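Colleague: I'm new to reading models like this one, and I'd love a close look at a single part of it. Could you walk me through it slowly?

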Amino acid sequence: MDKKHELIEDEYKKNQKKKDKYNKKEKQDEFDKKNKKNNKEFNKKIKKIVIPPQEKDFDKKNTNLRIAVCIKQVPNTDKIKFDWKNGRIIRTKENNIINPDDLHAIEFALSIKELYGGTITAITLGPEDSKNILFETFAYGVDKAILITDPLFAGSDSLITSRILAKCIEKKGNFDIICTGFESIDGNTGQVSYQLSELLNIPHLTNLHQFGLNGNKVFAHRIFGHEFQKIQTTLPILVAMKKNDNRVRFPKLSAIQTCFSKEIEILSSRELGLNANECGSKGSPTITITGEQIKQKRKQIEFKGDIDSKIEELIQKLKKYDIINA
Amino acid sequence: MEKDKKKKNDKNNSQTEQTKKNRDKDVWVFVEIKDHDRVLEGALELLTKGRELADKLNEQLVAVVLAQNCEQYFTDIMDYGPDIILYSSHNQLRHYHDQIFPEMIYNLIIQYKPSIFLFSSTEVGRDLASRLAVKCDTGLTAHCSKLEIIDHPIYGEKLLSMKRPAFSGNIAAEILCPYKRPQMATVQRGVFNKNKINIKKEIKKIKVPCDFDKKKIRIINAEAPLRWYRQLIPLEEATVVIGGGRGLGTKDNFEKLFELADLLNAEVGSTRVPVFNEWCEEERMIGQTGKTIKPDLYLNFGISGQIQHIGSVFDAKRIISVNIDSDAPIYEFSDYFIKEDAKIFLPRLIKRIKEEIKKRN
């Protein structure tokens with residue numbers, strides 16, 4: 001392993017000297033060929049990120065970890081049907097799911113609990129319907145659940161959402177690890193995890209390949225920009241999970257049967273000490289105005305006939321556009 | 001999505017906010033340096049757009065550069081016409097750091113008070129912009145597809161209107177940040193064009209000191225970091241792009257797209273589903289969180305046409321789609337539509353094209 005690392009480092013230094021300004025394709029191809037073999041080690045997707053404690057150094061004092069997972073209920077964008085005349089989605093109650101990235105965050109929290117012990121609290125901010133996803137988290141193995149809901153919070157943008165979550169986390173106090181998904185499939189902003197880390201003033205980790213704990217210390221391998229880093233830091237931390245980082249487990253049948261009878265704590269703006277001017281659409285710095293329908297004038301011509309005649313027509317078009325030489 | 005709401009302004013609040021609105025000036029662009037090597041392409045595109053916005057507002061365009069040795073990038077940046085370059089060269093700025101960069105730029109914002117701040121939508125840009133939005137207590141719009149200066153009857157004059165395709169159907173939502181400053185937006189590479197400016201003029205260069213306390217740094221490298229080689233897939237530069245989606249079913253079917261791409265001298269792109277199922281790399285994803293492309297021909301197989309994907313291929317010259325469902329949203333956005341099962345159509349098409357090429361030879 002060490003020899004390979006030395007080779008890579010040598011090449012890195014050599015290539016710093018070659019200043020190719022805007023990536024000439026030939027040179028990049030040569031480069032890629034040489035390094036494909038070396039990259040194989042790094043390219044293996046490790047499906048379990050969390051490693052068990054190394055017995056020699058393991059400090060048993062900090063096994064009572066408090067882990068928080070922030071999740072969101074979103075409409076299922078894959079199965080959604082559009083009403084093209086009015087430009088709206090047809091919303092039904094059955095179509096709401098947990099944001100996929102957040103499921104990976106729950107999996108991360110569960111693997112830490114298995115190997116190091118601790119309690120997991122799931123927190124969500126949303127309408128009253130969001131109770132359903134909290135029941136689902138109980139089925140996966142979460143210990144407590146908090147629902148933050150209030151009519152005043154409707155229309156909050158990402159900054160206000162992060163503020164409300166941060167207030168709740170501070171109020172409940174002393175969480176060691178906070179897990180979130182990187183981005184949601186309906187808003188696609190990817191801002192909340194960074195803003196939470198800034199508000200709580202704790203380090204933010206993504207693109208993890210390996211993660212381990214020793215008492216208060218965190219050891220991790222991650223990809224940061226164009227570097228593969230082996231880092232150390234201390235608790236508390238925030239981890240943002242993406243879809244390819246790990247594989248989500250299946251919940252146990254026995255847990256699914258009992259999950260609807262568990263208690264959920266409900267918080268509103270009063271308990272968090274927020275007034276109307278600080279949250280919802282009033283408190284949000286951005287205002288959204290529904291704009292025009294995106295209309296594009298495309299020809300919308302359908303090829304007719306059986307499959308072979310359609311292939312012939314397509315090839316005629318490709319010849320016409322000079323993609324296949326006639 | 002919210003509809004247009006009339007805010008009841010408290011008179012006291014609006015007065016202080018109005019003065020802030022009128023006092024802040026200038027368009028700023030964060031110019032990211034990629035791989036210690038070159039200026040990011042997306043940043044150069046934003047400089048041209050920033051020039052356009054600044055000319056319309058009659059204000060200045062400022063480029064903000066933080067790197068180990070900034071002077072080597074000046075020749076590239078100056079071609080795109082900023083009025084001022086704010087820069088800082090220091091060893092600590094060699095690589096993006098999520099404590100140093102936001103603090104330094106926040107101090108610059110307090111000192112110079114910009115009205116608009118644009119970032120390119122990369123890992124670094126999204127991290128930096130989100131943290132600055134918290135520090136400045138302002139609004140941030142992600143993945144914009146259009147930026148314009150407008151006058152709004154209720155919220156005021158000379159506001160930056162940020163448009164992005166919204167999830168709720170085929171509507172382009174328009175977002176304003178009327179009272180807080182600076183108005184921030186992130187934009188993907190490929191959305192705007194870059195144009196060099198030939199007019200020669202004096203560009204002011206202001207150097208900023210960097211003295212960040214090392215003790216505050218919370219993440220430490222246990223070993224020297226190694227270079228991570230990302231595969232460079234030049235989707236943005238290809239004239240013909242072939243897209244594959246869920247309709248292809250399996251990884252083996254998806255890999256036939258590469259055969260077709262070799263025959264047509266094209267590049268292969270995909271939607272979210274192939275990337276999640278590990279049929280191809282992340283760098284091939286086309287969409288709101290992937291890449292934006294403008295090819296001459298976009299030929300797609302088994303793609304339903306959700307707005308997050310289609311929004312990034314709007315400007316393609318021609319779109320030909322193969323999908324078994326003619327009610328799919330992609331029908332509206334295609335020039336030519338083939339109602340066939342992509343799994344069956346694709347291998348037959350490849351066979352036929354190979355025969356054509358043999359005939360020619």
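Where in chain A is the place of A:N76? And once we have found that residue, please take me on through the parts of the model that you can describe.

Modeller: Happy to! Keep in mind that this is a predicted model. A:N76 sits in a loop of chain A, the one between β2 (73-75) and β3 (82-83). Is A:N76 buried or exposed? Its relative accessibility is 13%, and buried means under 20%, so A:N76 counts as buried. Leaving aside neighbours within four places in sequence, A:N76 is in contact with A:N95 and A:I97. A:I185 is 109 residues away from A:N76 in sequence, yet their C-alpha atoms are 8.3 Å apart in space.

That pair makes a good start for looking at chain A as a whole. Take the contacts in chain A between residues at least 6 apart in sequence: 72% of them join residues at least 24 apart. The chain has 10 helices and 16 strands. Of its 326 residues, 51% count as buried. Its accessible surface comes to about 17,500 Å², and carbon and sulfur atoms account for 48% of that.

Now let's turn to some strands of chain A. In β6(A), residues 119-125, six of the seven residues are buried, so this strand is mostly covered. β6(A) pairs with β1(A), residues 66-71, in the parallel sense over six bridges. In that pairing, A:C70 stands opposite A:I123 of β6(A). β6(A) also runs parallel to β7(A), residues 144-148, and five bridges join the two. Here A:L125 stands opposite A:I148 of β7(A). A general point helps when you look at side chains here: in a regular strand they alternate between the two faces of the sheet.

Next comes a helix, α3(A), which covers residues 100-116. At 1.5 Å a residue, its 17 residues should span 24 Å, and its end C-alpha atoms are 25 Å apart, which agrees. Of those 17 residues, 13 are buried, so α3(A) is largely enclosed by the rest of the structure. Just after this helix, A:G117 takes a positive phi of about 85°.

The largest nonpolar core of the model has 42 residues, and those with the most contacts inside it are A:F108, A:I112, A:I177, A:F211 and A:L213. The largest share of this core, eight residues, comes from α3(A). For a closer look at one member, try A:F211: beyond its neighbours within four places in sequence, its contacts include A:F108, A:I112 and A:I177, and also A:I49, A:V218 and A:I237. There is a second, separate core of 37 residues, and B:L47, B:F74, B:I77 and B:I116 are among them.

Finally, let's see a sheet with strands from both chains. This open sheet of four strands has the order β15(A)-β10(B)-β9(B)-β8(B), with antiparallel pairing. β15(A), residues 287-289, and β8(B), residues 146-152, stand at the edges with a single partner strand each, so one side of each is left without a neighbour in the sheet. On average, neighbouring strands of this sheet are turned by 35° against each other, direction ignored. β8(B) pairs with β9(B), residues 156-165, in the antiparallel sense over six bridges, and B:K146 stands opposite B:K163 in β9(B). Across β8(B) and β9(B) lies helix α2(B), residues 41-57, which runs at about 15° to β8(B).

Notes. Residues numbered from 1 in each chain as written. Chains lettered and ligands numbered in written order. Predicted model: local features only at pLDDT ≥ 70, side-chain atom pairs only at ≥ 80, totals over all residues. Heavy atoms only, no water. Pairing = 2+ DSSP bridges. Axes fitted to C-alpha atoms, helices over the stretch in contact; angles between N-to-C directions. Contact = heavy atoms within 4.5 Å. Expected span 1.5 Å × (residues − 1). Buried < 20%, exposed > 50% of the residue type's maximum accessible area, 1.4 Å probe, protein only. Areas by Shrake-Rupley, 256 points an atom, 1.4 Å probe, with all protein chains shown as cover. Core = buried A, V, L, I, M, F, W, Y, C linked by side-chain atoms within 4.5 Å.
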